[in-house]
Amino acid sequence: MHPGEFAHVMDRSAARIPVTMAGAVEDYAQTLEGDIKRRQGHPPAPRAPHGDYRRSWTHTSGQAGSIVSADVHTSAPQAKRLEFGFTGPDRLGRVYHQAPRPHVKPAIEATTKEWEKTWKGAIDSALG
C-alpha cells in the first residue's frame, strides 16, 4: 500500500472511531444501569420493596468532539448510604449501624469485563 493511500485509510478510520465509540459507550451505560437495577432486592444489595430506588437509576451519554462519555447515576439521597453503609447519628439524632449493601461496585466490576470486549470490537470495526 502506498504511504499516501495508507494515510487516507487511517484518516478515514480515525474519523469513524468517535461515532463507533459513542454507540459502544451508550451500550455500556445501558448495560451498567440495568445491572445496578437487577441487583436490587438480591443480597447483599438493598431490598427494593417499592422500586422507587431502582427506578431512580438512569444514565446520560454525550459526545463533545472526539470525547465520548456516559454517566450512570441516581438522585436518590440514600444511594451512598446503601452502597457504603452508615454508622452514627443522622441529622434527626437517630443512631444507625447500617452495614454496606454494595450493588454499584459489583455491577461495575461485572460489566467492565464485557465493556473491554465491546470497545476493542468498536475500534476494530472502525479500523476495518
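Q: In which helix is the place of L32?
A: The model shown here is a predicted one, and its protein chain holds 4 helices and 4 strands. Following these elements from the N terminus on, one reads the order α-α-β-β-α-β-β-α. The helix in which L32 has its place is α1.

Q: Is L32 buried or exposed?
A: A residue counts as buried if its relative accessible area is under 20%, and as exposed if that area is over 50%. For L32 the relative accessible area is 8%, which is under the first of these cut-offs, and therefore L32 is buried.

Q: Which residues is L32 in contact with, leaving aside its neighbours within four places in sequence?
A: One of these partners is V72, which stands 40 residues from L32 along the chain, although the C-alpha atoms of the two are separated by 7.4 Å. With the neighbours within four places set aside, the full list of residues in contact with L32 is V72, A107, I108 and T111.

Q: Which element gives the largest share of the largest nonpolar core?
A: In soluble globular proteins, nonpolar side chains tend to be buried together. The largest nonpolar core in this model has 15 residues, and those with the most contacts inside it are L32, I36, Y53, W57 and W115. Two or more residues of this core come from each of the elements α1 (3-39), α3 (79-84) and α4 (104-127). The largest share, 6 residues, comes from α1.

Q: Which residues is W57 in contact with, once its neighbours within four places in sequence are left aside?
A: W57 is among the residues with the most contacts inside the largest nonpolar core, and it also falls in strand β1, which covers residues 57-64. Leaving aside the neighbours within four places in sequence, the residues in contact with W57 are E33, I36, K37, V72, H73, T74, H103 and V104.

Q: In which sense do strands β1 and β2 pair?
A: Strand β1 takes in residues 57-64 and strand β2 residues 67-74, and 8 bridges are found between them. One example is Q63, whose bridge partner in β2 is V68. The sense in which these two strands pair is antiparallel.

Q: Which residue takes a positive phi in the hairpin of β1 and β2?
A: Between the two strands of this hairpin there are 2 residues. The one that takes a positive phi, near 65°, is G65.

Q: What percentage of the residues of the protein chain count as buried?
A: The accessible surface of the protein chain comes to about 8500 Å², and 58% of this surface belongs to carbon and sulfur atoms. Of the 128 residues in the chain, the share that count as buried is 27%.

Methods
Residues numbered from 1 in each chain as written. Predicted model: local features only at pLDDT ≥ 70, side-chain atom pairs only at ≥ 80, totals over all residues. Heavy atoms only, no water. Pairing = 2+ DSSP bridges. Core = buried A, V, L, I, M, F, W, Y, C linked by side-chain atoms within 4.5 Å. Buried < 20%, exposed > 50% of the residue type's maximum accessible area, 1.4 Å probe, protein only. Contact = heavy atoms within 4.5 Å. Areas by Shrake-Rupley, 256 points an atom, 1.4 Å probe, with all protein chains shown as cover.
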